[in-house]
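Trainee: I have a model open on my screen and would like to talk it through. Can we take it piece by piece?

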Amino acid sequence: MMLFLSHQSEPIRVLVTGAAGQIAYTLLYRIAKGDVFGKDQPIILILLDIPPMLPVLDGVVMELQDCALPLLREIIPTDKIEVGFKDIDAAILVGSMPRKEGMEKKDLLKANVAIFKTQGAALDKYAKKTVQVVVVGNPANTNCLIALKFAPSIPKENFSCLTRLDHNRACSQVAMHCGVSSDKVKNVIIWGNHYSTQYPDVHHAIVNTHGCELGAYKAVKNDAWLHGDFILTVQQRGAAVIKARKLSSAMSAANAVCDHIKDIWFGTKEGEFISMGVYAAGNSYGIPEDLIYSFPVQIKNKRWKVVDGMSTNDFSRAKMNATAAELMEERDAALDFLT
Ligand SMILES: NC(=O)c1ccc[n+]([C@@H]2O[C@H](COP(=O)([O-])OP(=O)(O)OC[C@H]3O[C@@H](n4cnc5c(N)ncnc54)[C@H](O)[C@@H]3O)[C@@H](O)[C@H]2O)c1
Ligand SMILES: O=C(O)C[C@H](O)C(=O)O
(Lines give C-alpha, C1' and ligand atoms only; values in the text may rest on other atoms or scores of the structure.)
(Ligands and ions follow the chains in the order given, each with its own letter.)
Protein backbone atom coordinates (compact mmCIF):
# COMPACT_ATOMS: atom_id res chain seq x y z
CA MET A 1 0.00 0.00 0.00
CA MET A 2 1.34 3.45 -0.92
CA LEU A 3 1.80 5.75 2.06
CA PHE A 4 1.33 9.47 1.49
CA LEU A 5 3.13 11.58 4.05
CA SER A 6 1.72 14.98 4.81
CA HIS A 7 4.22 17.85 4.80
CA GLN A 8 1.92 20.30 6.51
CA SER A 9 3.67 22.63 8.91
CA GLU A 10 2.95 23.17 12.59
CA PRO A 11 -0.17 25.23 13.26
CA ILE A 12 0.31 28.97 13.73
CA ARG A 13 -1.58 30.87 16.42
CA VAL A 14 -3.64 33.70 14.97
CA LEU A 15 -5.45 36.15 17.23
CA VAL A 16 -8.43 38.14 15.98
CA THR A 17 -9.80 40.74 18.39
CA GLY A 18 -13.36 42.01 18.02
CA ALA A 19 -14.11 38.45 16.98
CA ALA A 20 -17.84 38.78 17.61
CA GLY A 21 -18.09 41.84 15.35
CA GLN A 22 -19.01 42.29 11.73
CA ILE A 23 -15.55 42.46 10.11
CA ALA A 24 -14.49 39.33 11.98
CA TYR A 25 -17.56 37.46 10.76
CA THR A 26 -16.16 37.47 7.21
CA LEU A 27 -12.49 37.54 8.15
CA LEU A 28 -12.46 34.45 10.37
CA TYR A 29 -13.90 32.27 7.63
CA ARG A 30 -11.37 33.53 5.06
CA ILE A 31 -8.45 32.90 7.44
CA ALA A 32 -9.70 29.47 8.48
CA LYS A 33 -10.16 28.32 4.90
CA GLY A 34 -6.57 29.18 3.94
CA ASP A 35 -7.01 32.42 1.98
CA VAL A 36 -4.46 34.32 4.06
CA PHE A 37 -1.67 32.12 5.43
CA GLY A 38 -1.76 29.56 2.63
CA LYS A 39 -3.57 26.37 1.76
CA ASP A 40 -1.05 24.19 3.64
CA GLN A 41 -0.87 26.18 6.85
CA PRO A 42 -2.87 24.77 9.77
CA ILE A 43 -4.30 27.43 12.06
CA ILE A 44 -5.20 27.81 15.70
CA LEU A 45 -7.70 30.67 15.82
CA ILE A 46 -7.97 32.70 18.99
CA LEU A 47 -11.10 34.82 19.21
CA LEU A 48 -10.94 37.69 21.69
CA ASP A 49 -13.87 39.90 22.58
CA ILE A 50 -15.28 41.60 25.68
CA PRO A 51 -17.29 39.64 28.32
CA PRO A 52 -20.81 40.64 27.16
CA MET A 53 -20.01 39.26 23.70
CA LEU A 54 -19.03 35.76 24.88
CA PRO A 55 -22.45 34.26 24.02
CA VAL A 56 -22.11 35.69 20.48
CA LEU A 57 -18.60 34.25 20.26
CA ASP A 58 -20.08 30.83 21.06
CA GLY A 59 -22.24 31.18 17.96
CA VAL A 60 -19.22 32.17 15.85
CA VAL A 61 -17.34 29.11 17.14
CA MET A 62 -20.27 26.83 16.22
CA GLU A 63 -20.39 28.28 12.72
CA LEU A 64 -16.64 27.88 12.22
CA GLN A 65 -16.92 24.24 13.35
CA ASP A 66 -19.82 23.75 10.98
CA CYS A 67 -17.73 24.94 8.03
CA ALA A 68 -15.67 21.73 8.53
CA LEU A 69 -12.46 23.41 7.41
CA PRO A 70 -9.47 21.05 7.41
CA LEU A 71 -6.83 23.70 8.25
CA LEU A 72 -8.64 24.86 11.36
CA ARG A 73 -7.08 22.81 14.17
CA GLU A 74 -8.40 24.61 17.23
CA ILE A 75 -10.64 27.55 18.12
CA ILE A 76 -10.10 29.39 21.40
CA PRO A 77 -12.83 31.91 22.30
CA THR A 78 -11.86 34.15 25.21
CA ASP A 79 -12.32 37.47 26.97
CA LYS A 80 -8.96 37.14 28.74
CA ILE A 81 -6.05 39.09 27.37
CA GLU A 82 -3.44 36.67 28.79
CA VAL A 83 -5.12 33.80 26.91
CA GLY A 84 -5.68 35.81 23.77
CA PHE A 85 -2.11 37.07 23.30
CA LYS A 86 -0.21 33.97 24.49
CA ASP A 87 2.50 32.84 22.04
CA ILE A 88 0.72 34.27 19.01
CA ASP A 89 2.29 34.45 15.54
CA ALA A 90 -0.19 37.01 14.18
CA ALA A 91 -2.37 39.59 15.92
CA ILE A 92 -5.20 41.10 13.91
CA LEU A 93 -6.51 43.91 16.10
CA VAL A 94 -10.02 44.68 14.90
CA GLY A 95 -11.84 45.03 18.23
CA SER A 96 -12.93 48.61 18.91
CA MET A 97 -15.91 50.85 18.39
CA PRO A 98 -16.77 51.64 14.75
CA ARG A 99 -17.73 55.11 13.51
CA LYS A 100 -21.46 55.83 13.22
CA GLU A 101 -23.13 58.16 10.72
CA GLY A 102 -22.05 61.77 11.19
CA MET A 103 -19.16 60.82 13.48
CA GLU A 104 -15.60 61.77 12.59
CA LYS A 105 -12.81 59.30 13.21
CA LYS A 106 -11.31 61.73 15.72
CA ASP A 107 -14.37 61.12 17.91
CA LEU A 108 -13.27 57.52 18.07
CA LEU A 109 -9.85 58.34 19.38
CA LYS A 110 -10.93 58.81 22.93
CA ALA A 111 -13.14 55.71 22.88
CA ASN A 112 -10.59 53.37 21.33
CA VAL A 113 -7.04 54.43 22.09
CA ALA A 114 -6.96 52.91 25.58
CA ILE A 115 -7.74 49.49 24.10
CA PHE A 116 -4.53 49.66 22.08
CA LYS A 117 -2.44 50.69 25.05
CA THR A 118 -3.64 47.59 26.92
CA GLN A 119 -3.18 45.35 23.91
CA GLY A 120 0.27 46.76 23.17
CA ALA A 121 1.30 45.87 26.71
CA ALA A 122 -0.22 42.39 26.25
CA LEU A 123 1.74 41.88 23.02
CA ASP A 124 4.89 42.85 24.89
CA LYS A 125 4.21 40.43 27.70
CA TYR A 126 2.65 37.37 26.06
CA ALA A 127 3.21 37.27 22.28
CA LYS A 128 6.12 35.76 20.35
CA LYS A 129 8.73 38.44 19.57
CA THR A 130 8.26 37.56 15.89
CA VAL A 131 4.53 38.33 16.01
CA GLN A 132 3.13 40.31 13.06
CA VAL A 133 0.64 42.89 14.30
CA VAL A 134 -1.99 44.40 12.00
CA VAL A 135 -4.23 47.15 13.35
CA VAL A 136 -7.66 47.56 11.77
CA GLY A 137 -9.67 49.29 14.54
CA ASN A 138 -10.03 53.03 13.99
CA PRO A 139 -8.31 55.44 14.07
CA ALA A 140 -6.07 52.70 12.72
CA ASN A 141 -2.79 54.61 12.27
CA THR A 142 -2.79 56.13 15.73
CA ASN A 143 -4.02 52.97 17.45
CA CYS A 144 -1.16 51.12 15.77
CA LEU A 145 1.35 53.72 16.98
CA ILE A 146 0.05 53.40 20.53
CA ALA A 147 0.20 49.58 20.45
CA LEU A 148 3.78 49.80 19.14
CA LYS A 149 4.82 52.24 21.88
CA PHE A 150 3.49 49.94 24.58
CA ALA A 151 5.23 46.88 23.14
CA PRO A 152 8.88 47.96 23.21
CA SER A 153 10.24 44.40 23.08
CA ILE A 154 8.68 43.75 19.66
CA PRO A 155 10.40 45.26 16.61
CA LYS A 156 8.60 48.32 15.25
CA GLU A 157 8.78 46.77 11.78
CA ASN A 158 6.34 44.06 12.94
CA PHE A 159 3.52 46.62 13.25
CA SER A 160 1.35 47.86 10.41
CA CYS A 161 -2.10 49.35 9.98
CA LEU A 162 -4.67 48.77 7.31
CA THR A 163 -4.85 51.24 4.42
CA ARG A 164 -5.30 48.44 1.90
CA LEU A 165 -9.01 49.09 1.81
CA ASP A 166 -8.31 52.62 0.56
CA HIS A 167 -5.76 51.19 -1.89
CA ASN A 168 -8.32 48.70 -3.23
CA ARG A 169 -10.93 51.45 -3.47
CA ALA A 170 -8.52 53.57 -5.54
CA CYS A 171 -7.68 50.64 -7.88
CA SER A 172 -11.32 49.87 -8.34
CA GLN A 173 -12.30 53.49 -9.11
CA VAL A 174 -9.58 53.79 -11.77
CA ALA A 175 -10.47 50.38 -13.23
CA MET A 176 -14.15 51.28 -13.49
CA HIS A 177 -13.27 54.60 -15.11
CA CYS A 178 -11.09 52.84 -17.72
CA GLY A 179 -13.50 49.93 -18.26
CA VAL A 180 -10.95 47.28 -17.22
CA SER A 181 -10.95 44.74 -14.40
CA SER A 182 -9.33 45.88 -11.15
CA ASP A 183 -6.36 43.49 -11.52
CA LYS A 184 -5.31 45.58 -14.54
CA VAL A 185 -4.49 48.53 -12.26
CA LYS A 186 -1.34 48.48 -10.13
CA ASN A 187 0.94 50.72 -8.10
CA VAL A 188 -1.58 53.21 -6.78
CA ILE A 189 -0.43 54.80 -3.52
CA ILE A 190 -2.32 55.79 -0.41
CA TRP A 191 -0.25 58.32 1.51
CA GLY A 192 -0.82 59.03 5.20
CA ASN A 193 -3.85 58.51 7.36
CA HIS A 194 -6.71 56.04 6.94
CA TYR A 195 -8.98 59.03 7.18
CA SER A 196 -10.41 61.74 4.97
CA THR A 197 -7.04 63.56 4.65
CA GLN A 198 -5.43 60.49 3.08
CA TYR A 199 -3.98 61.13 -0.36
CA PRO A 200 -4.78 58.58 -3.05
CA ASP A 201 -2.08 59.18 -5.66
CA VAL A 202 -1.98 57.63 -9.13
CA HIS A 203 1.03 59.48 -10.55
CA HIS A 204 2.98 56.19 -10.56
CA ALA A 205 0.05 53.86 -11.21
CA ILE A 206 -0.11 51.70 -14.31
CA VAL A 207 -3.21 50.56 -16.15
CA ASN A 208 -3.15 47.64 -18.56
CA THR A 209 -5.65 48.38 -21.31
CA HIS A 210 -5.94 45.91 -24.19
CA GLY A 211 -2.54 44.39 -23.34
CA CYS A 212 -0.79 47.78 -23.32
CA GLU A 213 0.64 49.32 -20.12
CA LEU A 214 -0.10 53.03 -19.73
CA GLY A 215 0.41 55.51 -16.92
CA ALA A 216 -2.89 56.11 -15.11
CA TYR A 217 -3.12 59.74 -16.28
CA LYS A 218 -2.84 58.63 -19.93
CA ALA A 219 -5.26 55.75 -19.46
CA VAL A 220 -7.88 57.79 -17.61
CA LYS A 221 -7.58 60.87 -19.89
CA ASN A 222 -9.32 63.07 -17.34
CA ASP A 223 -6.89 64.97 -15.09
CA ALA A 224 -9.71 67.02 -13.56
CA TRP A 225 -11.39 63.83 -12.32
CA LEU A 226 -8.09 62.41 -11.01
CA HIS A 227 -7.35 65.63 -9.11
CA GLY A 228 -10.93 66.09 -7.90
CA ASP A 229 -13.74 63.56 -7.62
CA PHE A 230 -11.46 60.52 -7.69
CA ILE A 231 -9.57 61.71 -4.60
CA LEU A 232 -12.74 62.78 -2.81
CA THR A 233 -14.53 59.51 -3.56
CA VAL A 234 -11.71 57.42 -2.09
CA GLN A 235 -11.29 59.75 0.90
CA GLN A 236 -15.02 59.73 1.69
CA ARG A 237 -15.81 56.12 0.82
CA GLY A 238 -15.93 54.91 4.43
CA ALA A 239 -18.47 57.62 5.30
CA ALA A 240 -20.50 56.85 2.15
CA VAL A 241 -20.74 53.17 3.09
CA ILE A 242 -21.80 54.09 6.64
CA LYS A 243 -24.47 56.42 5.27
CA ALA A 244 -25.85 53.72 2.99
CA ARG A 245 -25.58 50.69 5.27
CA LYS A 246 -25.93 52.43 8.62
CA LEU A 247 -22.95 50.26 9.49
CA SER A 248 -19.30 50.66 8.59
CA SER A 249 -17.73 48.62 5.80
CA ALA A 250 -17.16 45.02 6.77
CA MET A 251 -16.97 42.71 3.75
CA SER A 252 -14.54 44.97 1.91
CA ALA A 253 -12.59 45.64 5.12
CA ALA A 254 -12.19 41.92 5.81
CA ASN A 255 -11.13 41.38 2.20
CA ALA A 256 -8.51 44.13 2.53
CA VAL A 257 -7.17 42.59 5.77
CA CYS A 258 -6.73 39.32 3.88
CA ASP A 259 -4.86 41.07 1.03
CA HIS A 260 -2.67 42.94 3.54
CA ILE A 261 -1.64 39.91 5.59
CA LYS A 262 -1.23 37.65 2.58
CA ASP A 263 1.28 40.14 1.17
CA ILE A 264 3.16 40.21 4.50
CA TRP A 265 3.31 36.40 4.57
CA PHE A 266 4.11 35.74 0.91
CA GLY A 267 5.56 39.04 -0.33
CA THR A 268 4.40 41.53 -2.95
CA LYS A 269 4.54 40.70 -6.66
CA GLU A 270 7.74 41.50 -8.55
CA GLY A 271 7.72 45.14 -9.72
CA GLU A 272 4.61 46.02 -7.74
CA PHE A 273 3.99 47.89 -4.53
CA ILE A 274 1.01 48.16 -2.24
CA SER A 275 -0.02 50.64 0.48
CA MET A 276 0.36 49.98 4.18
CA GLY A 277 0.59 52.11 7.31
CA VAL A 278 4.09 51.59 8.77
CA TYR A 279 6.45 53.28 11.18
CA ALA A 280 7.79 56.32 9.34
CA ALA A 281 11.39 56.33 10.66
CA GLY A 282 14.01 56.71 7.93
CA ASN A 283 11.61 57.47 5.07
CA SER A 284 12.93 59.51 2.16
CA TYR A 285 9.82 61.70 1.80
CA GLY A 286 10.46 64.00 4.77
CA ILE A 287 7.50 62.62 6.71
CA PRO A 288 8.03 63.09 10.48
CA GLU A 289 9.41 59.91 11.98
CA ASP A 290 7.26 59.08 14.99
CA LEU A 291 4.10 58.27 13.05
CA ILE A 292 2.38 55.31 11.47
CA TYR A 293 1.98 56.66 7.95
CA SER A 294 0.77 54.87 4.83
CA PHE A 295 3.50 54.52 2.19
CA PRO A 296 4.05 52.49 -0.94
CA VAL A 297 5.83 49.34 0.25
CA GLN A 298 7.34 46.19 -1.19
CA ILE A 299 7.55 43.09 0.99
CA LYS A 300 9.94 40.14 0.97
CA ASN A 301 10.51 37.51 3.67
CA LYS A 302 7.91 39.21 5.88
CA ARG A 303 9.89 42.48 5.82
CA TRP A 304 8.44 45.60 4.24
CA LYS A 305 10.49 48.34 2.66
CA VAL A 306 9.17 51.77 1.74
CA VAL A 307 9.63 52.39 -1.99
CA ASP A 308 11.98 55.36 -1.88
CA GLY A 309 12.68 58.19 -4.20
CA MET A 310 9.50 58.43 -6.24
CA SER A 311 8.96 61.85 -7.72
CA THR A 312 6.33 64.01 -6.07
CA ASN A 313 5.03 67.33 -7.40
CA ASP A 314 3.78 70.33 -5.41
CA PHE A 315 0.18 69.10 -5.55
CA SER A 316 1.23 65.78 -4.02
CA ARG A 317 3.62 67.29 -1.47
CA ALA A 318 0.91 69.55 -0.07
CA LYS A 319 -1.45 66.60 0.39
CA MET A 320 1.24 64.33 1.86
CA ASN A 321 2.13 67.02 4.39
CA ALA A 322 -1.50 67.76 5.29
CA THR A 323 -2.21 64.13 6.17
CA ALA A 324 1.07 63.95 8.17
CA ALA A 325 0.00 67.05 10.11
CA GLU A 326 -3.30 65.40 10.96
CA LEU A 327 -1.51 62.27 12.16
CA MET A 328 0.74 64.36 14.42
CA GLU A 329 -2.34 65.98 15.92
CA GLU A 330 -3.99 62.59 16.44
CA ARG A 331 -0.84 61.19 18.04
CA ASP A 332 -0.54 64.11 20.44
CA ALA A 333 -4.24 63.92 21.37
CA ALA A 334 -3.94 60.15 21.95
CA LEU A 335 -0.90 60.56 24.19
CA ASP A 336 -2.77 63.28 26.10
CA PHE A 337 -5.76 60.99 26.65
CA LEU A 338 -3.51 58.23 27.90
CA THR A 339 -1.80 60.40 30.46
N1 LIG B 1 -8.79 50.39 8.76
C2 LIG B 1 -9.85 50.12 8.01
O3 LIG B 1 -9.75 50.11 6.77
C4 LIG B 1 -11.18 49.83 8.62
C5 LIG B 1 -12.26 49.48 7.80
C6 LIG B 1 -13.50 49.20 8.38
C7 LIG B 1 -13.66 49.28 9.77
N8 LIG B 1 -12.60 49.62 10.54
C9 LIG B 1 -12.72 49.68 12.00
O10 LIG B 1 -12.67 48.34 12.52
C11 LIG B 1 -13.29 48.34 13.82
C12 LIG B 1 -14.28 47.19 13.94
O13 LIG B 1 -15.34 47.32 13.03
P14 LIG B 1 -16.59 46.31 13.03
O15 LIG B 1 -17.49 46.78 11.95
O16 LIG B 1 -16.13 44.91 13.06
O17 LIG B 1 -17.24 46.70 14.44
P18 LIG B 1 -18.25 45.87 15.34
O19 LIG B 1 -18.85 46.81 16.31
O20 LIG B 1 -19.15 45.02 14.51
O21 LIG B 1 -17.27 44.88 16.11
C22 LIG B 1 -16.32 45.33 17.00
C23 LIG B 1 -16.12 44.26 18.03
O24 LIG B 1 -15.02 44.65 18.85
C25 LIG B 1 -15.33 44.26 20.17
N26 LIG B 1 -14.49 44.94 21.12
C27 LIG B 1 -14.64 46.18 21.68
N28 LIG B 1 -13.67 46.43 22.56
C29 LIG B 1 -12.87 45.34 22.57
C30 LIG B 1 -11.71 44.98 23.29
N31 LIG B 1 -11.15 45.82 24.19
N32 LIG B 1 -11.15 43.78 23.07
C33 LIG B 1 -11.69 42.94 22.17
N34 LIG B 1 -12.80 43.19 21.46
C35 LIG B 1 -13.38 44.39 21.66
C36 LIG B 1 -16.82 44.56 20.29
O37 LIG B 1 -17.41 43.89 21.40
C38 LIG B 1 -17.33 44.05 18.95
O39 LIG B 1 -17.67 42.67 18.99
C40 LIG B 1 -13.93 49.73 13.97
O41 LIG B 1 -13.06 50.55 14.72
C42 LIG B 1 -14.01 50.23 12.53
O43 LIG B 1 -14.08 51.64 12.47
C44 LIG B 1 -11.38 49.89 9.99
O1 LIG C 1 -14.73 55.08 7.64
C2 LIG C 1 -14.99 54.36 8.61
O3 LIG C 1 -15.24 54.80 9.72
C4 LIG C 1 -14.99 52.86 8.41
C5 LIG C 1 -13.79 52.38 7.74
O6 LIG C 1 -12.61 52.87 8.26
C7 LIG C 1 -13.84 52.56 6.24
O8 LIG C 1 -12.92 53.16 5.69
O9 LIG C 1 -14.79 52.06 5.63
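Trainee: Leaving out residues up to four places away in sequence, which residues does D49 touch?

Mentor: Keep in mind that this is a predicted model. D49 sits in the loop between β2 (43-48) and α2 (54-66). Once residues up to four places away in sequence are set aside, its contacts are G18, A19, A20, L57, D79 and G95.

Trainee: Is D49 buried or exposed?

Mentor: Count the C-beta atoms around D49: there are 23 others within 10 Å. The cut-off for a buried residue is 20 or more. So D49 is buried.

Trainee: Which positions does UniProt list under "binding site"?

Mentor: That list comes from an unreviewed UniProt entry. D49, which we just looked at, is on the list. The full set is D49, N112, V136, G137 and N138.

Trainee: What about V136, then: buried or exposed?

Mentor: V136 lies in the loop between β5 (132-135) and α5 (140-149). Leaving aside neighbours within four places in sequence, V136 is in contact with I23, I92, L93, V94, L162, A253 and V257. It has 28 C-beta neighbours inside 10 Å, so V136 counts as buried.

Trainee: Which residues come closest to ligand 1?

Mentor: The shell around ligand 1 has 28 residues. By class they are 15 nonpolar, eleven polar and two charged. The closest are G18, G21, I23, G95 and A253.

Trainee: Where does ligand 1 lie with respect to the domains?

Mentor: Look at who supplies the shell: domain 1 (12-161) and domain 2 (164-338) both give residues to it. Because both contribute, ligand 1 lies between domain 1 and domain 2.

Trainee: And ligand 2: which helix gives the most to its shell?

Mentor: Nine residues surround ligand 2, and R99, N138, G238, S248 and S249 come nearest. The shell divides into three nonpolar, four polar and two charged residues, and at least three come from each of domain 1 and domain 2. The helix that gives the most, with three residues, is α9 (residues 229-245).

Trainee: How many residues of domain 2 are in contact with domain 1?

Mentor: The C-alpha centres of domain 1 and domain 2 lie 23 Å apart. On the domain 1 side, 36 residues take part. On the domain 2 side, the number is 35.

Trainee: Which elements supply at least two residues each to the side of domain 1 that touches domain 2?

Mentor: By class, that side has 20 nonpolar, six polar and ten charged residues. The elements that each supply at least two of its residues are α1 (22-32), β4 (90-93), α4 (105-126), β5, α5 and β6 (159-161).

Trainee: In the largest nonpolar core, which residues touch the most other members?

Mentor: This core has 95 residues. Its largest share, seven residues, comes from α4, and at least three residues come from each of domain 1 and domain 2. The ones that touch the most other members are V16, V136 and A147.

Trainee: What does A147 touch, not counting residues up to four places away in sequence?

Mentor: A147 is one of the core members we just named. With those sequence neighbours left out, it touches L93, F116, Q119, G120, L123, V133, V135 and F159.

Trainee: Last one: which residues does UniProt list for "domain: Lactate/malate dehydrogenase C-terminal"?

Mentor: The span is 47% helix and 20% strand, with its end C-alpha atoms 24 Å apart. The name and bounds come from an unreviewed UniProt entry, which lists residues 163-337.

Methods:
Residues numbered from 1 in each chain as written. Chains lettered and ligands numbered in written order. Predicted model: local features only at pLDDT ≥ 70, side-chain atom pairs only at ≥ 80, totals over all residues. Near = placed C-beta within 6 Å. Nonpolar A, V, L, I, M, F, W, Y, C, P; charged D, E, K, R; others polar. Domains from an automatic or database assignment. UniProt positions renumbered as here; feature names shortened; annotations may be inferred. Helix = DSSP H or I, 4+ residues; strand = E, 2+ residues; numbered from the N terminus. Buried ≥ 20, exposed ≤ 12 C-beta atoms within 10 Å, placed from the backbone. Contact = placed C-beta atoms within 7 Å. Core = buried A, V, L, I, M, F, W, Y, C linked by C-beta atoms within 7 Å.
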